[in-house]
Amino acid sequence: MPTTYFYSAWLRRILLLPLALLSAAGLTGCELFEFSPNEIRTTEEYHDLTRKNLDALAERPVPGNGDTLRFIFTGDPQRFYAEADELVASVNQQRDIAFVAIAGDISDFGLIREFRWVHDKMRRLHVPYLTVIGNHDHAANGRQSYQEVFGPLNYSFRYAGTQFVLVNTNGREYDFNGQVPDVGWLHSQLADTVGVRRQVVMSHVPPMDEDFDHQLEKPYVAALASSPLVMMQLNGHRHGFSETWPYEGAIPYINSASFQKNRYLIISLWGKREFKLETVYF
Amino acid sequence: MRYLFFILTILAGLVAPAHAQPGRPDSLHRRSWLLPHHVIGQFAGGQGMATVGLGYTSRRRLDLDLLAGYVPRRYSITPMGIFTAKATYSPWLVSLGQSRWQLRPLSAGGMLSYTASKGFNKTWDDKYSTGYYWWSAHTRIGGFVGGRLAYRLSNQSGRPARFISAYYELGTNDLYLVSIWHNIGHLPLRSILTLGVGVKVDLF
């Protein structure tokens with residue numbers, strides 16, 4: 001039988017390389033055993049994060065004093081993990097922040113590990129964080145993975161007298177089928193104003209963008225205009241900060257800078273329509 | 001670990017037919033080069049939940065394998081079929097004393113895979129301008145290191161010995177490497193690693 005027989009320090013080193021990698025991997029068991037990068041399996045730790053963050057937010061007294069609600073607005077963390085570390089460190093220095101809002105494109109490739117990696121950064125925030133789905137989060141099985149890790153694609157919550165409505169506007173991912181965004185759902189959310197002083201709508205793709213389903217642009221804008229309490233529309237997707245009034249009426253459209261731009265906004269809301277934007281560089 | 005069940009099932013399925021090969025040709029010369037040298041059962045490693053395959057061995061060091069893996073609907077929008085071509089090189093072959101055991105302490109390899117799944121949202125189509133989604137959700141390139149432990153089943157004179165072996169692969173893929181590339185020190189190495197284990201049974 002033609003075999004090599006040797007045993008030496010070299011063999012030990014060779015043997016140790018994969019074993020060292022394995023121990024570096026922490027032998028975290030089943031997470032290492034990946035069936036496909038596109039699988040949608042996740043553990044309880046990385047599951048239902050939107051609800052968990054909302055529960056944490058509900059427990060949180062409104063920080064600061066008086067009427068003002070302050071939160072961080074950013075977007076498009078996709079594959080900018082170094083910047084995510086810096087953003088978290090910077091946000092944790094801020095005072096009187098209620099939560100962080102991330103306007104979509106959590107992932108770049110729609111892979112479930114990317115959602116986990118971003119959560120591994122965001123979990124170090126001292127405040128809850130909330131997301132809306134972006135177009136990159138739809139790639140391959142991404143839409144399902146997003147739902148497994150974070151939760152619903154359309155949802156709303158109330159905090160400090162403010163109703164936040166988060167809506168999936170990534171129409172191009174659905175081949176502009178006239179269903180996304182769900183304008184009927186948006187109407188129903190905005191109509192439910194009992195106990196609400198102001199409303200903020202957040203989505204990934206803004207309605208004037210070519211990736212928004214054009215046949216729904218007017219109905220969407222009309223839905224926002226139909227509620228007198230809507231004070232701003234927040235978007236990501238374009239990666240640069242902007243504040244514009246693209247449609248008739250008093251609603252400003254604010255686009256977040258991406259993580260890569262090393263800047264984020266602190267948005268302060270008070271009164272019925274009053275707001276202030278502060279840019280923070282990190 | 002509940003996955004052990006799958007591994008054992010694959011193992012049992014492979015060993016049984018391998019023992020029952022009828023009418024093997026007596027001489028290597030009469031064997032068609034097309035006939036695979038071994039069959040494979042694998043678990044995970046990014047190549048499916050349950051994966052079967054066949055392969056060829058060149059000079060006892062290089063294995064060229066073709067695998068078909070399955071991921072059920074439970075772990076995907078629609079079930080995934082993953083088809084993988086894989087090359088594994090094991091430079092060292094160590095007989096453990098006079099026993100039937102043989103060890104390949106280190107293997108290194110690469111693979112190319114194609115994933116078919118009806119439910120995938122496309123990344124290469126005319127939805128966005130060319131290059132917007134620059135990667136394919138279907139095609140993956142991966143690399144791995146690993147090892148393999150083999151047990152000699154037969155050693156008849158004039159015929160090469162048949163082995164049954166267990167191996168593992170610690171690997172990653174192109175998209176994970178792209179993710180860590182610009183984030184060295186911000187994504188731990190372990191976060192991009194995948195592990196697969198499998199069994200190979202020589203047919204001849």
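# Salt bridges and the A–B interface

A:Asp67 counts as partly exposed, at 29% relative accessibility. Its salt-bridge partner is A:Arg198, with N and O 3.9 Å apart. This is a predicted model, and the rundown below goes through its salt bridges, then chain A, then the contact between chains A and B.

**Salt bridges in chain A**

- Counted over all chains, the structure holds 22 salt bridges.
- The side chains of A:Arg198 and A:Asp67 meet in one of these salt bridges. A:Arg198 sits in strand S6 (residues 198–203) of chain A, while A:Asp67 is in the loop between helix H2 (49–58) and strand S1 (69–74) of chain A, so the pair ties together parts that are 131 residues apart in sequence.
- How buried or exposed are the two ends of that pair? A:Arg198 counts as buried because its relative accessibility is 0%, and the cut-off for buried is under 20%. A:Asp67, at 29%, is partly exposed because that value falls between the 20% and 50% cut-offs.
- A:Glu44 forms a salt bridge with A:Lys52, and the closest N and O atoms there are 3.1 Å apart. As for cover, A:Lys52 is partly exposed, with a relative accessible area of 28%.

**Salt bridges in chain B**

- B:Asp174 pairs with B:Arg140 in a salt bridge whose closest N and O atoms are 2.6 Å apart. The pair links distant parts of the chain, 34 residues apart: B:Asp174 belongs to helix H2 (residues 174–181) of chain B, and B:Arg140 to strand S7 (residues 139–154) of chain B.
- B:Asp174 is partly exposed, at a relative accessible area of 22%, whereas B:Arg140 is buried, at 7%.
- There's also a network in chain B: salt bridges with shared partners join B:Asp63, B:Asp65, B:Arg148 and B:Lys200.

**Chain A as a whole**

- Chain A has seven helices and eleven strands, and 59% of its 282 residues count as buried.
- Take the contacts in chain A between residues at least 6 apart in sequence: 73% of them join residues at least 24 apart.
- About 11,000 Å² of chain A is exposed, and carbon and sulfur atoms supply 52% of that area.

**Where chain A touches chain B**

- On the chain A side, 52 residues are in contact with 61 residues of chain B.
- How much area is buried between chain A and chain B? The figure is about 5,200 Å², with carbon and sulfur atoms giving 65% of it.
- The rule finds zero salt bridges across this interface, but 23 residue pairs are in polar contact between chain A and chain B (both residues at pLDDT 80 or more).
- Four helices of chain A each give two or more residues to the side that touches chain B: H1 (9–24), H3 (81–91), H4 (112–122) and H5 (142–149). H1(A) gives the most, with nine residues.
- By type, the residues on that side of chain A come out as 28 nonpolar, ten polar and 14 charged.

**A look at helix H4(A)**

- H4(A) is among the helices that give two or more residues to the side of chain A that touches chain B.
- This helix is mostly covered, with ten of its eleven residues buried. Among them are A:Phe115, A:Trp117, A:Val118 and A:Met122, along with A:Arg113, A:Glu114, A:Arg116 and A:Lys121.

How values were computed: Residues are numbered from 1 along each chain as its sequence is written. Chains are lettered from A and ligands numbered from 1 in the order in which they are written. This is a predicted model: local features need pLDDT of at least 70, side-chain atom pairs count only at pLDDT 80 or more; totals for chains, interfaces and linings use all residues. Side-chain values use heavy atoms; hydrogens and water are left out. A salt bridge is a side-chain nitrogen of Lys or Arg within 4 Å of a carboxyl oxygen of Asp or Glu. Buried means under 20% relative accessible area, exposed over 50%, partly exposed in between (1.4 Å probe, protein chains only). Contact means heavy atoms within 4.5 Å. Accessible areas come from the Shrake-Rupley method with a 1.4 Å probe; for residues, only the protein chains shown count as cover. Buried area is the accessible area (1.4 Å probe) that two parts lose on being put together, summed over both. A polar contact is a pair of N or O atoms within 3.5 Å; within protein, one must be able to donate a hydrogen and the other to accept it, and residues adjacent in sequence count only if both atoms are side-chain atoms. Ala, Val, Leu, Ile, Met, Phe, Trp, Tyr, Cys and Pro count as nonpolar, Asp, Glu, Lys and Arg as charged, and the others, Gly among them, as polar.
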